[in-house]
Amino acid sequence: MGPHELYYAAMALAIGLGLPVAAFGCGIGQGMAIKGAMEGMARQPEASGKIQTAMLIGLALIESLTIYAFVVALIMLFMGIPSLKIK
Amino acid sequence: MIEYGSWLSFLYKLGVPEWIPDSLLVSFFIMICLCAAAFFMTRNLKVRKPGTAQIALEYIMQALMGFVDNLCPSEKKILRPVLGTTFLMILISNYIGIVPGFISPSSKVLFPATLALMAFVLIQVMGFRRKGLGYLMHFVGQPVWLAPLNIPIHVVGELARPISLTCRLYGNIYGEEMVICVLMYITLFVMGANVMPLRVIPLQLPMMLFGLFSGFIQAFIFTLLVGQYISMAVSHEE
């Protein structure tokens with residue numbers, strides 16, 4: 001097994017295990033945010049517009065963490081290791 | 001790296017330089033289409049008996065204006081055109097990836113990065129315009145004696161905004177397109193490899209429908225965050 005095969009095997013493991021971890025945390029966080037927003041909206045239906053806007057901003061900020069993990073995975077997938085590419 | 005061209009790639013044979021990426025051509029195409037639509041739909045506006053196009057235009061304008069005015073009521077004169085066109089541009093460029101033969105400009109880093117840089121400059125300019133040099137006090141923070149600690153944190157936080165805006169738009173749209181691509185691959189070469197009739201099952205269809213939803217949400221979020229940042233930069237209380 002040369003360095004390329006080792007690199008790609010490790011990369012498959014890293015992406016396949018790393019992205020679900022990020023998605024797991026993001027799912028829990030977004031679920032909690034939506035739960036809070038829903039409770040607030042059920043208690044005060046007249047404030048639902050403001051709550052919805054704040055909830056969307058919060059969801060975007062939470063989601064961006066998963067997106068960072070995804071971008072890192074893409075960089076790993078397509079850039080590779082420069083020193084390996086020269087050979 | 002192989003670039004799968006869009007319908008606009010014939011422009012390369014007409015003398016457009018090679019270093020201009022395909023997504024830039026598509027984004028200019030969207031821009032020209034939007035300008036032309038805005039020009040021709042406002043040609044003969046009537047107060048009595050408005051046409052279908054005028055009613056549609058008025059509906060869109062009203063929705064956009066209401067949305068932008070809610071974000072930052074004190075600056076609505078400037079923000080209405082800027083954020084409204086930003087929203088429309090991002091929305092159309094998210095959706096044009098669904099049209100066969102076009103690529104979505106927001107699935108490349110260039111387009112979201114440009115918009116995020118523009119938003120960054122806009123936030124700083126608005127802050128300085130409204131508060132003058134007092135805008136710099138926003139970096140110093142509340143207890144003045146903590147300034148050596150606060151200034152780097154605030155500067156890094158300010159610089160992280162365009163990066164996070166870029167990554168959010170780019171990652172969402174590109175990830176969605178990759179999922180569509182993988183599902184198409186599965187349909188063609190895994191499920192339908194031996195059984196020909198299975199090739200016509202559009203596995204990617206639910207993902208494309210979800211793409212319509214998430215494309216709208218992403219355009220909405222981008223505009224919302226920029227408006228929120230501007231209203232944070234403009235507001236007087238910290």
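Helices are DSSP runs of H or I with at least four residues, numbered from the N terminus. The views below show a predicted model.

**View 1. A salt bridge within helix α6 of chain B.** B:Arg161 and B:Glu158 are both located in helix α6 of chain B, three residues apart, about one turn of the helix. Their closest N and O atoms are 3.1 Å apart, and the two residues form a salt bridge. Both partners fall under the 20% limit for buried residues: B:Arg161 has a relative accessible area of 15%, and B:Glu158 has 6%. B:Arg161 also lies over the face of B:Tyr229, 4.2 Å from the ring centre.

**View 2. A salt-bridge network centred on B:Glu75.** Salt bridges with shared partners join B:Glu75, B:Arg129 and B:Arg130 into one network. B:Glu75 meets B:Arg129 at 3.9 Å, N to O. B:Glu75 is in the loop between α2 (52-71) and α3 of chain B, while B:Arg129 belongs to helix α4 (residues 110-131), so this salt bridge ties together parts that are 54 residues apart in sequence. The salt bridge from B:Arg130 to B:Glu75 has its closest N and O atoms 2.8 Å apart. B:Arg130 is likewise in helix α4 of chain B, and this pair links parts of the chain 55 residues apart. Accessibility varies across the network: B:Glu75 is buried at 4%, B:Arg130 is partly exposed at 38%, and B:Arg129 is exposed at 55%. Over all chains, the structure holds four salt bridges.

**View 3. Aromatic cluster including B:Phe87 and B:Phe216.** The model has 12 aromatic pairs over all chains. B:Phe87 and B:Phe216 make one edge-to-face pair, 5.9 Å centre to centre, with 90° between the planes. This pair links distant parts of the chain, with B:Phe87 in helix α3 (residues 76-95) and B:Phe216 in helix α7 (residues 205-234) of chain B, 129 residues apart. B:Phe87 is buried, at 8% relative accessible area, whereas B:Phe216 is partly exposed, at 37%. Ring pairs link these two residues with B:Phe67 and B:Phe220 into a cluster.

**View 4. The ring pair of B:Phe128 and B:Tyr135.** These two rings form an edge-to-face aromatic pair, with centres 5.0 Å apart and planes at 70°. B:Tyr135 is buried, at 0% relative accessibility, and B:Phe128 is partly exposed, at 36%.

**View 5. An arginine over a phenylalanine ring.** B:Arg43 lies over the face of B:Phe39, at 4.1 Å from the ring centre.

**View 6. A nonpolar surface patch on chain B.** B:Tyr185, B:Leu188, B:Phe189 and B:Val190 make a nonpolar surface patch of about 410 Å². B:Tyr185 lies in helix α6 (residues 147-191).

**View 7. The loop residue B:Val144.** B:Val144 sits in the loop between α5 (137-140) and α6 of chain B, and is exposed at 52% relative accessible area. Its C-alpha atom is separated by 53 Å from that of B:Phe102, 42 residues away along the chain.

**View 8. The helices of chain A.** Chain A has three helices and zero strands, in the pattern α-α-α along the sequence. Its radius of gyration is 20 Å, well over the 12 Å that the globule rule gives for 87 residues, so chain A is more spread out than a compact globule. The C-alpha atoms fill a box of roughly 65 × 20 × 10 Å along the principal axes. Buried residues account for 22% of the 87 residues in chain A.

Key: Residues numbered from 1 in each chain as written. Chains lettered and ligands numbered in written order. Predicted model: local features only at pLDDT ≥ 70, side-chain atom pairs only at ≥ 80, totals over all residues. Heavy atoms only, no water. Phe/Tyr/Trp six-rings, centres within 6.5 Å; stacked < 30°, edge-to-face > 60°. Helix = DSSP H or I, 4+ residues; strand = E, 2+ residues; numbered from the N terminus. Buried < 20%, exposed > 50% of the residue type's maximum accessible area, 1.4 Å probe, protein only. Lys NZ or Arg CZ within 6 Å of the ring centre and 35° of its normal. Patch = residues over 30% accessible without salt bridge, like charges linked within 9 Å, V, L, I, M, F, W, Y side chains within 5 Å. Areas by Shrake-Rupley, 256 points an atom, 1.4 Å probe, with all protein chains shown as cover. Salt bridge = Lys/Arg side-chain N within 4 Å of Asp/Glu carboxyl O. Rg over C-alpha atoms; globule rule 2.2 N^0.38 Å.
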